Amino acid sequence: MGKNGALNGEGTLNVAVIGAGPAGYYTAEALTGTERPVNVDIIDRLPTPFGLIRAGVAPDHQSIKNVSRRYEATNQRDNVRFVGNLSLGRDITLAELRDLYDAVVLATGAGKDRPLGIEGEDLRGVIGSGAFVGWYNAHPDYKDLEPDLRVASVAVIGNGNVAIDVARVLAKTASEMATSDLADHAAGRIHGAPIRDIYILGRRGPLEASFTPKELGELNQLENCVALVDGTQLPDATIDSSLSGAAKKNMAAMRAMATNSPDAKPVRLHIQFYRRPMAILGDKCVCGIRLEETKVEDGKCVGTGVTEVLPAGLVVPCIGYRTSPIPDVPYSERYGHFENENGRIAGGLYCVGWAKRGPTGTIGTNKPDGVEVAQKILDEVHPSGKAGRAGLDQIVQERDLHIVTFQTWKKIEAREEAGATAGAPRKKLVDVSEMVRIAES
């Protein structure tokens, strides 16, 4: 019965999933993929579904965004509903949702940038990757960010794929981004910027970097930008034969970059290892960053005491994210996610994805995570006759809340696709009020 639409009644399990990103959708898919009657409402504060698939995946990586088709198929199930433009805290409380549903799953992700914890990070021109990526991906929260890109040099801190994404989007030409869904407001600033040097800075060495080969390899194929690695920072070539998988491919890519000429193209992208940020320099605006040379000993990164100053007019830390706390929900300040035991926070309250384990893994990592938590709910929670979806609809009506369903979201999507320039998949809307108006038209 669950596969074909749950029946309303005391035998139906009512579940609310807070967050319409990958973790939320995989959980909903698993909950409604059995014969048990389960209704799932996927609630999100934005009028758009898919979370970081829409607002976090790089705009020039459209093939990765295609996973949203799977989530759309989940939304076609009669017992799954998307409830957009409904904000926890603003429109409804967690306590109210727990009164309405047999189980509530927090799939809220990790939307806050992890701080660097060094002097000067509050200067103008220091923008965390969550905000910066949100800005060029047309996330409504960051549409008014307006970073000053009239700079010659940019420092991107971190040795993961987010750092590569930021550097690549800044380095690509308008023609290279023509088939992307880069936000219009970002395209104008990025493609008119006088940036000549982009630095990707990592505390550890090339063997510890968490780049994936595809993303790293792309940096050696840019139209207007040459990727550079200091060959003296790479290990002796004799170790290459002992490497395998991603490490072997990454090393081959970096050795190729070490042979590139800095004068080959107008823009230079420097991948530098063994550099720890000590302070960001400037009066009111960023003008540089002080770095300490490091080394890796017994698996630990230690400073050498040797420092240098790197000129930079923009600093983008890509060092991880933290889940936003929710009142009365146990939270780990140390790890930046909800305190839980294999996804269970308390009776009837669960968490999944980055809200459960922190910002680790890929999009696909959320699938087994969602399956595990869904099974936990099915094993532990029993239908109690709570109002569920009908109760939520009553609150929405009483408070005159303007929710967006998956069907009305399709109107927003159609408008975005109709507004796209040739070759681009869509022209993203960024104003929530406008999106709601379109959905209700």
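# Close-up views

**View A. Asp-60 meets residues from another part of the chain.** Neighbours within four places in sequence aside, Asp-60 is in contact with Arg-168, Val-169, Lys-172, Met-177 and Ser-180; contact means heavy atoms within 4.5 Å. The model is predicted: local features need pLDDT of at least 70, side-chain atom pairs count only at pLDDT 80 or more, and totals for chains, interfaces and linings use all residues. Residues are numbered from 1 along each chain as its sequence is written, while side-chain values use heavy atoms, with hydrogens and water left out. Asp-60 sits in the loop between α2 (52–55) and α3 (62–65). Helices (H or I, at least four residues) and strands (E, at least two) are DSSP runs, numbered from the N terminus. The relative accessible area of Asp-60 is 16%, so this residue is buried. Buried means under 20% relative accessible area, exposed over 50%, and partly exposed in between (1.4 Å probe, protein chains only).

**View B. The side chain of Asp-60 makes polar contacts with Arg-168 and Lys-172.** The side chains of Asp-60 and Arg-168 come within 2.8 Å in a polar contact. A polar contact of 2.8 Å also links the side chains of Asp-60 and Lys-172. The term covers a pair of N or O atoms within 3.5 Å; within protein, one must be able to donate a hydrogen and the other to accept it, and residues adjacent in sequence count only if both atoms are side-chain atoms. Along the chain, Asp-60 and Lys-172 are 112 residues apart. Their C-alpha atoms are separated by 9.7 Å.

**View C. Five strands form an open parallel sheet.** The order is β8-β9-β7-β6-β13. β8 (225–229) and β13 (314–317) are the edge strands; each has a single partner, so one side of each lacks a neighbour in the sheet. Neighbouring strands are turned by 15 degrees against each other on average, direction ignored. Strands count as paired if DSSP finds at least two bridges between them. β6 (residues 153–157) pairs with β13 in the parallel sense over 4 bridges. Here Val-154 stands opposite Leu-314 of β13. Helix α7 (residues 161–171) packs on the sheet and touches β6, β7 (197–201), β8, β9 (267–272) and β13. The directions of α7 and β7 make about 175 degrees. Axes are lines fitted to C-alpha atoms, for helices over the stretch in contact, and angles run from 0 to 180 degrees between N-to-C directions.

**View D. Strand β9 is mostly covered.** Of its 6 residues, 5 are buried. β7 and β9 run parallel, joined by 5 bridges. β8 also pairs with β9 in the parallel sense, over 5 bridges. His-270 of β9 has Tyr-199 opposite. His-270 is also the bridge partner of Leu-228. Gln-272 belongs to β9 too. Gln-272 counts as buried because its relative accessibility is 19%. Beyond neighbours within four places in sequence, Gln-272 is in contact with Tyr-199, Ile-200, Leu-201, Gly-202 and Gln-233.

**View E. The second largest pocket is lined by 17 residues.** Its volume is about 340 Å³. Phe-50, Lys-65, Ser-68, Glu-413 and Arg-426 are the lining residues nearest its centre. α2, α3, α4 (68–75) and α14 (406–418) each supply at least two residues of the lining. The largest share, 4 residues, comes from α14. On a 1 Å grid over the protein atoms alone, a pocket is an open set of points where a 1.4 Å probe fits, with protein on both sides within 12 Å along at least five of seven lines; lining residues have an atom within 4 Å of a point. Grid points are joined across faces, edges and corners, and the volume is the space filled by probe spheres set on the points.

**View F. Glu-146 and Tyr-274 have positive phi values.** Neither Glu-146 nor Tyr-274 is a glycine. Phi is about 50 degrees at Glu-146. Glu-146 lies in the loop between α6 (129–136) and β6. With 53% relative accessibility, Glu-146 counts as exposed. Phi of Tyr-274 is near 55 degrees. Tyr-274 is placed in the loop between β9 and β10 (275–282). Its relative accessible area is 22%, so Tyr-274 is partly exposed.
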